[in-house]
Amino acid sequence: KTEFQVSDIAAAADGSSPLRQMNDYSKWEKLADEEEEEERREKDAELSRAEFHEACREEQQVVEQWLKRNMRDLLKSEATSTPKDPHAPPELVRNSQPSFRRASKEDLRVLSMLMVLSHFEEGE
């Protein structure tokens, strides 16, 4: 039987024909579902990364403000300190520490980023 008859086409439509069994597309539907699931997982992972980066940026701004405030306090204390006696032994001089390098805005930004990314609670 090489030609299909109307009864074969009607049987194929209701799934009782061998034609329906030959054209089983359920494996393709599963494949499409797996692809959609993978895309959903990728979107969730991207959203999670974006949330993490946003939290890091917020924490970085807080740390940067803290660094600026403390640097300003150090500069004030250094400016009000008494001049050093060049002939006094350094271990006897109260402020024998050499002055620190003043950090630029970019230095503070990079340092705050390093502090945020390298900070972790024990057990994380």
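**Leu111, a residue of helix α4, is partly exposed, with a relative accessible area of 38%.** The words for exposure follow fixed cut-offs, in which buried means under 20% relative accessible area, exposed means over 50%, and partly exposed lies in between (1.4 Å probe, protein chains only). The structure is a predicted model, in which local features need a pLDDT of at least 70 and side-chain atom pairs count only at pLDDT 80 or more, while totals for chains, interfaces and linings use all residues. Residues are numbered from 1 along each chain as its sequence is written, and side-chain values use heavy atoms, with hydrogens and water left out.

**Leu111 belongs to a nonpolar patch on the surface, together with Trp66, Leu114 and Met115.** These four residues have about 370 Å² of accessible area together, an area that comes from the Shrake-Rupley method with a 1.4 Å probe, where for residues only the protein chains shown count as cover. Patches are made of residues with over 30% relative accessible area and no salt bridge, and they join like charges within 9 Å or nonpolar side chains (Val, Leu, Ile, Met, Phe, Trp, Tyr) within 5 Å. Helix α4, which covers residues 105-118, gives the most to the nonpolar patch, with 3 residues.

**The whole chain has 4 helices and 0 strands.** Read along the sequence, the chain therefore follows the pattern α-α-α-α, where helices (H or I, at least four residues) and strands (E, at least two) are DSSP runs numbered from the N terminus. Of the 124 residues in the chain, buried residues make up 10%. The average pLDDT of the chain is 76, and 57% of the residues score at least 70, pLDDT being the predictor's confidence in each residue, from 0 to 100. Among the elements, helix α2 (residues 18-22) has the lowest mean pLDDT, at 53, and α4 has the highest, at 92. Where pLDDT is low, the predicted coordinates should not be read in detail.

**A patch of negative charge on the surface gathers Asp33, Glu34, Glu35, Glu36, Glu39 and Glu42.** For this view Lys and Arg count as positive and Asp and Glu as negative, whereas His and the chain ends are not counted. The place of a charge is taken as NZ of Lys, CZ of Arg, CG of Asp or CD of Glu. One of the patch residues, Glu36, is found in helix α3, which covers residues 26-80, and Glu36 is exposed, with a relative accessible area of 52%.

**Glu37 forms salt bridges with Arg40 and with Arg41.** A salt bridge is a side-chain nitrogen of Lys or Arg within 4 Å of a carboxyl oxygen of Asp or Glu, and a search of the whole structure finds 8 of them. Side chains of opposite charge can pair when their charged atoms come close. The side chains of Arg40 and Glu37 meet at 2.4 Å, N to O, while the closest N and O atoms of Glu37 and Arg41 are 3.8 Å apart. Arg40 and Glu37 both lie in helix α3, 3 residues apart, and Glu37 and Arg41 lie in helix α3 as well, 4 residues apart, each separation being about one turn of the helix. Glu37 counts as partly exposed at 29% relative accessibility, as do Arg40 at 41% and Arg41 at 43%.

**Glu46 and Arg49 make a salt bridge in which the closest N and O atoms are 2.8 Å apart.** Because these two residues are 3 residues apart in helix α3, about one helical turn separates Glu46 and Arg49. Glu46 is partly exposed at 44% relative accessibility, and Arg49 is partly exposed with a relative accessible area of 43%. Elsewhere, salt bridges that share partners join Glu37, Glu38, Arg40, Arg41 and Asp44 into one network.

**Leu67 and Arg109 are 42 residues apart along the chain, and their C-alpha atoms are separated by 9.3 Å.** Leu67 is found in helix α3 and counts as buried, at 12% relative accessibility.

**Arg102 lies in the loop between α3 and α4.** Arg102 counts as exposed, at 58% relative accessibility. From C-alpha to C-alpha, Arg102 and Arg72 are 9.7 Å apart in space, and they are 30 residues apart in sequence.
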